[in-house]
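Colleague: I would like a close look at one part of this protein. Please take me through it piece by piece.

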Amino acid sequence: MAKFSDLNVSFRTSPKNNVAVLTDLANIKKSLERLFSTGKGDVPFNREYGTSLKTLLFENNVDPSDVEMFLYMDISRFEPRVSLNPANIAIEKKGNQYIVSCTFTVPALGETEGTVNATITSE
């Protein structure tokens, strides 16, 4: 029995640097969920990784379109496997929570479409 039976070994390599890149839709969704839930500065050896969602969403007088643009820039920077239009990011407020929804395509999978939802709660 394989030690890591859930590891997908049928991945492609990136033409940019010949590094193995998983293009499985489930892995990409998990990566985006992790990105949404990680604040900038939370990762000790990569202080740039993450989003400013929690900070921006719970500040006063922040335009939702600005939050969507910051999120678009973070996704473009940290998840290069997806193709994304800023119009496909939606933010909905429910009480003390924000529901962030993002629809994207994965060009390496023949334009396969996926959606990720994340709930951001004030502390």
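What is the order of the strands in the open sheet, and how do they pair? Please go on from there to what packs around the sheet.

Modeller: A word on confidence first. This is a predicted model. Its mean pLDDT is 79, and 80% of the residues reach at least 70. Among the elements, helix H1 (residues 25-37) has the highest mean, 89, and strand S1 (residues 12-13) the lowest, 49. Residues 7-11 fall below 50, and beyond near neighbours in sequence that stretch has five contacts in the model. Where pLDDT is low, the predicted coordinates should not be read in detail.

Now the sheet. Three strands form an open sheet in the order S3-S4-S5, and the pairing is antiparallel. S3 and S5 are the edge strands; each has a single partner, so one side of each lacks a neighbour in the sheet. From one strand to the next, the twist averages 15 degrees.

Take S4 and S5 next. Ten bridges join this antiparallel pair. Thr105 has Glu113 in S5 as its bridge partner. Phe104 stands opposite Gly114 in S5. Five residues lie between the strands of the S4 and S5 hairpin, and Gly110 there takes a positive phi near 70 degrees.

Two helices come into the picture. H1 packs on the sheet and touches S4 and S5; its direction makes about 25 degrees with that of S5. H3 lies across S3 and S4, and runs at about 130 degrees to S3.

The nonpolar core follows from here. The largest one has 24 residues. Leu32, Phe36, Leu53, Leu57, Ile75, Val100 and Phe104 have the most contacts inside it. Two or more residues come from each of H1, helix H2 (53-57), helix H3 (64-78), strand S3 (89-94), strand S4 (97-106) and strand S5 (112-121). S4 gives the largest share, five residues.

Two valines show the packing at residue level. Leaving aside residues up to four places away in sequence, Val100 touches Phe36, Leu53, Leu57, Leu71, Ala90, Ile91, Val116, Asn117, Ala118 and Ile120. Val116 sits in strand S5. Its relative accessibility is 1%, so Val116 counts as buried, the cut-off being under 20%. With the same sequence neighbours left out, Val116 touches Lys29, Leu32, Glu33, Phe36, Val100, Ser101, Cys102 and Phe104. Val100 and Phe36 therefore appear among the contacts of Val116 by the criterion of heavy atoms within 4.5 Å. Ile89 is 27 residues from Val116 along the chain, and their C-alpha atoms are separated by 9.7 Å.

One last feature concerns H3. A search of the whole structure finds one aromatic pair. It is formed by Tyr49 and Phe78: the ring centres are 5.1 Å apart and the planes stand at 70 degrees, so the pair is edge-to-face, a class that needs over 60. Tyr49 belongs to the loop between H1 and H2, while Phe78 is in helix H3, so the pair ties together parts 29 residues apart in sequence. Tyr49 counts as buried because its relative accessibility is 16%, and the limit is under 20%.

Key:
Residues numbered from 1 in each chain as written. Predicted model: local features only at pLDDT ≥ 70, side-chain atom pairs only at ≥ 80, totals over all residues. Heavy atoms only, no water. pLDDT = per-residue confidence, 0-100. Helix = DSSP H or I, 4+ residues; strand = E, 2+ residues; numbered from the N terminus. Core = buried A, V, L, I, M, F, W, Y, C linked by side-chain atoms within 4.5 Å. Buried < 20%, exposed > 50% of the residue type's maximum accessible area, 1.4 Å probe, protein only. Pairing = 2+ DSSP bridges. Axes fitted to C-alpha atoms, helices over the stretch in contact; angles between N-to-C directions. Phe/Tyr/Trp six-rings, centres within 6.5 Å; stacked < 30°, edge-to-face > 60°.
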